[in-house]
Amino acid sequence: KNIFVAWESLSNRKKRTLAILLFIIGIIYSYKDYILGDQTFVFRGIGSDSLYQTYPNLYRCAYLIEKGGELLGFDFTRGYGALRSISQIDIFNWPILFGTENLAYLMGIGHVIKIILAFVLFYIYLKLLGRKEITCYLGAASYSLCGHMVMRQFWKGYSGEVVLCALLLIA
């Protein structure tokens with residue numbers, strides 16, 4: 001039996017559930033080392049920006065929250081000093097709320113959540129356009145695993161943009 005014929009014979013609810021479950025299982029399998037805590041989402045080499053840029057900035061914010069300090073203001077802990085700006089406070093920096101000890105671990109889980117959010121939001125967008133279930137699933141899977149999400153996962157800004165773009169498409 002052709003897989004597309006079998007797919008079309010399922011009810012819409014079963015299609016939706018199966019598609020989302022298959023996608024989530026695939027993502028969990030791909031990122032299992034980060035989800036289980038076997039590895040942190042801080043990289044050396046080509047992705048070293050996560051080690052030298054993203055992680056230190058988030059660590060400083062998490063540290064300030066732990067100690068009851070101000071998130072905004074001038075900070076002399078790096079070189080000659082730098083201004084901690086409002087850009088450090090965004091929806092995707094939620095791991096800083098769980099402290100410095102959990103930060104590197106939660107960065108990986110945060111990326112997985114962004115992939116799943118991008119999938120769900122783009123799926124909704126395609127449904128609003130009136131596309132078939134298989135098109136919505138494949139389109140959402142392709143969108144949520146695009147180059148920005150996979151190749152540029154070391155820089156947190158790109159994956160956040162993908163999620164926000166999907167949200168803007170719905171709006």
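**Helix α5 and its surroundings: group meeting talk**

I would like to begin with a single residue, Ile115, which lies in helix α5, and I should say at once that what we have in front of us is a predicted model. From that residue I will move outward to the helix that carries it, then to a neighbouring helix, and at the end to the chain as a whole.

Is Ile115 buried or exposed? Its relative accessibility is 0%, so Ile115 counts as buried, the cut-off for that being under 20%. If we set aside residues up to four places away in sequence, Ile115 touches Phe23, Ile27, Tyr31, Ser144, Leu145 and Met149. There is also Val163, which is 48 residues from Ile115 in sequence, while the C-alpha atoms of the two are 7.7 Å apart in space.

Right beside it in sequence is Lys114, also in helix α5, and here the side chain is that of a lysine, although Lys114 is buried too, because its relative accessible area is 6%. Where does the side chain of Lys114 find a polar contact? The partner is the side chain of Ser159, and the distance of that polar contact is 3.0 Å. Beyond four places in sequence, the residues in contact with Lys114 are Phe92, Met149, Lys156, Ser159, Gly160 and Val163, and Met149 is likewise among the residues that Ile115 touches.

Let me turn to helix α5 itself, which covers residues 103-128 and so has 26 residues. With a rise of 1.5 Å a residue one expects a span of 38 Å, and the end C-alpha atoms are 36 Å apart, so the expected and computed values agree. Ahead of the helix, Asn102 sits in the loop between β2, residues 82-84, and α5. Asn102 counts as partly exposed because its relative accessibility is 35%, and a polar atom of its side chain lies 2.9 Å from the backbone oxygen of Phe98. Along the chain Asn102 is 40 residues from Ala62, and the separation of their C-alpha atoms is 9.6 Å. After the helix comes Gly130, with a positive phi near 85°.

Which two side chains meet in a salt bridge? They are those of Lys127 and Glu133, with 2.7 Å from N to O, and a search of the whole structure finds one such bridge. The two partners are not equally covered: Lys127 counts as partly exposed because its relative accessibility is 32%, whereas Glu133 is buried because its relative accessible area is 6%.

Glu133 brings us to helix α6, where it is one of the buried residues, alongside Ile134, Cys136, Tyr137, Gly139, Ala140, Ala141, Tyr143 and Ser144. Because nine of the 12 residues of α6 are buried, this helix is largely enclosed by the rest of the structure. What covers those buried residues includes α1 (3-9), α2 (12-30), α5, α7 (147-150) and α8 (156-170). The length of α6 can be checked in the manner used for α5: its 12 residues should span 16 Å at 1.5 Å a residue, and its end C-alpha atoms are 16 Å apart, so the two values agree.

Within helix α6, which runs over residues 133-144, I would single out Ser144, which is buried because its relative accessible area is 0%. A polar atom of the Ser144 side chain lies 3.3 Å from the backbone oxygen of Ala141. Ser144 is in contact with Phe23, Ile115, Ala118, Phe119 and Met149, leaving aside its neighbours within four places in sequence, and with Ile115 in that list we are back at our starting residue.

A word on the cysteines: how many disulfides does the structure hold? The count is zero, and for Cys146 the nearest cysteine sulfur, that of Cys165, is 9.5 Å away. Cys146 counts as partly exposed because its relative accessibility is 23%, whereas Cys61 is buried because its relative accessible area is 2%.

Finally, the whole chain. There are eight helices and two strands, running α-α-α-α-β-β-α-α-α-α from the N terminus on. Of the 171 residues, 37% are buried, and among contacts with a separation of 6 or more, 58% are between residues 24 or more positions apart. The chain exposes about 10,400 Å², of which carbon and sulfur atoms supply 64%.

Terms used:
Residues are numbered from 1 along each chain as its sequence is written. This is a predicted model: local features need pLDDT of at least 70, side-chain atom pairs count only at pLDDT 80 or more; totals for chains, interfaces and linings use all residues. Side-chain values use heavy atoms; hydrogens and water are left out. Helices (H or I, at least four residues) and strands (E, at least two) are DSSP runs, numbered from the N terminus. The expected span of a helix is 1.5 Å times one less than its number of residues. Buried means under 20% relative accessible area, exposed over 50%, partly exposed in between (1.4 Å probe, protein chains only). Contact means heavy atoms within 4.5 Å. A polar contact is a pair of N or O atoms within 3.5 Å; within protein, one must be able to donate a hydrogen and the other to accept it, and residues adjacent in sequence count only if both atoms are side-chain atoms. A salt bridge is a side-chain nitrogen of Lys or Arg within 4 Å of a carboxyl oxygen of Asp or Glu. A disulfide is a pair of cysteine sulfur atoms within 2.5 Å. Accessible areas come from the Shrake-Rupley method with a 1.4 Å probe; for residues, only the protein chains shown count as cover.
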